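Here are some notes to read alongside the structure. They go from the overall picture to the core, and then to the aromatic rings.

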Amino acid sequence: MFEPLGRTVFVMSSTPTSNVTSSSYEQITYEVTNSVAILTMNRPDKLNAFTGKMLSEMLDALDRVDNDDNVRALIITGAGRGFCAGADLSGGDRTFSSGVKPGEFDRDGGGLLTLRLYDLKKFTIAAINGPAVGVGIAMTLPMDVRLMSSTAKVGFVHVRRAIMPEAASTWFLPRVVGISKALEWGCTGRLISPEEACAGNLVRSIHEPAELVGAAMTLAREVADNAAPVSVAVTRQAMWRLLGSSHPMDGHKVDSRGVRALAQLDDAKEGVVSFFEKRPAVFSGKPSTQLPDLMQWWEEPEFG
């Protein structure tokens with residue numbers, strides 16, 4: 001769940017804001033270590049409850065991730081004992097009322113975040129370290145892999161607050177776990193244990209709290225150390241976008257264009273040469289500038 005943004009529009013700039021550094025954020029932290037970025041929601045006293053300020057800072061950080069070719073993978077987690085406890089409910093019974101006239105509606109802030117994650121060029125891992133409910137779990141759905149602490153619980157609790165699932169989770173959740181499981185979780189609103197989340201394919205694996213981020217880092221390092229960054233970006237975008245395709249011919253078109261386009265880049269040569277020389281490949285491709293246009297047929301729909 002997320003507090004509606006009213007008439008406020010957060011513009012996702014094509015380049016990172018020049019005067020924003022990791023230390024200047026108020027409700028998140030952002031750091032890069034050996035090509036892996038870690039974005040941490042940082043309101044531990046509120047279990048990292050989601051606010052408009054947190055949204056704008058996360059969008060800015062995601063722009064930084066995409067525009068920094070040194071970043072090969074991203075981990076998103078929470079500070080303290082929570083991942084994200086959903087919307088900040090400090091507005092009381094007006095939390096979900098933006099004051100618009102009947103028949104009007106505004107863009108859901110959680111959806112702005114999940115759509116930005118959907119468009120991201122970098123492999124993204126959610127390290128769910130504690131409670132994640134409402135928008136707190138919905139935001140993880142467009143992330144590529146979810147790992148969960150053995151002490152965490154998650155829940156699509158929207159119906160228990162008399163609203164409906166948001167952050168585009170009505171699109172993402174059935175594609176991640178299947179329609180029946182999505183409806184069960186979405187219509188009961190119950191809390192889900194790590195074991196049930198794993199059995200339902202919502203999360204990849206369960207880890208002890210002290211080992212969670214380390215496990216996420218191990219997976220991120222596997223991508224950062226071994227995979228060509230442009231290839232990762234293309235693979236991620238193709239798989240997500242083709243989820244809505246009606247025929248495998250669309251995949252065949254994208255694959256055919258992609259193999260031909262990527263074969264022209266220096267990284268393809270390096271991949272072959274390093275294989276024969278039995279050494280780790282050194283990839284230098286730049287997703288920020290070298291991403292081939294494989295989705296000519298795909299246009300982002302307008303909101304309205």
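1. A word on terms before anything else: two residues are in contact when they have heavy atoms within 4.5 Å of each other. With that in hand, take the contacts between residues at least 6 apart in sequence: 75% of them join residues at least 24 apart.

2. Keep in mind that this is a predicted model. The average pLDDT for the protein is 88, and 86% of the residues score at least 70. Residues 1-21 are another matter, with pLDDT below 50, although in the model this stretch has 57 contacts beyond near neighbours in sequence. Where pLDDT is low, the predicted coordinates should not be read in detail.

3. For general orientation, you are looking at 11 helices and eight strands. The protein has 304 residues, and 48% of them count as buried. Its accessible surface is about 14,900 Å², with 54% of that belonging to carbon and sulfur atoms.

4. Now for the inside. In soluble globular proteins, nonpolar side chains tend to be buried together. Here the largest nonpolar core has 49 residues, and the ones touching the most other members are Phe50, Met58, Ile76, Leu113, Ile128, Met139 and Leu202. Helix H1 (residues 52-67) supplies the largest share of this core, with seven residues. There is also a second, separate core of 17 residues, with Ala127, Val145, Ala220 and Val223 among them.

5. What does methionine 139 contact, once neighbours within four places in sequence are left aside? The list is Met41, Phe50, Met58, Phe83, Cys84, Leu113, Thr114 and Leu117. Of these, Phe50, Met58 and Leu113 also appear with Met139 among the residues that touch the most other core members.

6. On to the rings: the whole structure holds six aromatic pairs. One of them is tyrosine 118 with tryptophan 171, set edge-to-face at 5.9 Å centre to centre and 85° between the planes. Tyrosine 118 sits in helix H2 (residues 109-118) and tryptophan 171 in helix H4 (residues 169-177), so this pair ties together parts that are 53 residues apart in sequence.

7. Is each partner in that pair buried or partly exposed? Tyrosine 118 is buried, at 10% relative accessible area, while tryptophan 171 counts as partly exposed at 29%. Both belong to one aromatic cluster, made up of Tyr118, Trp171, Phe172 and Trp240.

8. Lastly, look at phenylalanine 275 and phenylalanine 276. Their ring centres are 5.4 Å apart and their planes meet at 75°, so this pair is edge-to-face. Both of these phenylalanines are exposed.

Conventions
Residues are numbered from 1 along each chain as its sequence is written. This is a predicted model: local features need pLDDT of at least 70, side-chain atom pairs count only at pLDDT 80 or more; totals for chains, interfaces and linings use all residues. Side-chain values use heavy atoms; hydrogens and water are left out. A nonpolar core is a set of buried Ala, Val, Leu, Ile, Met, Phe, Trp, Tyr and Cys residues joined through side-chain atoms within 4.5 Å. Buried means under 20% relative accessible area, exposed over 50%, partly exposed in between (1.4 Å probe, protein chains only). Helices (H or I, at least four residues) and strands (E, at least two) are DSSP runs, numbered from the N terminus. Accessible areas come from the Shrake-Rupley method with a 1.4 Å probe; for residues, only the protein chains shown count as cover. pLDDT is the predictor's confidence in each residue, from 0 to 100. Rings of Phe, Tyr and Trp (its six-membered ring) pair if their centres lie within 6.5 Å; planes under 30 degrees apart count as stacked, over 60 as edge-to-face and the rest as tilted.
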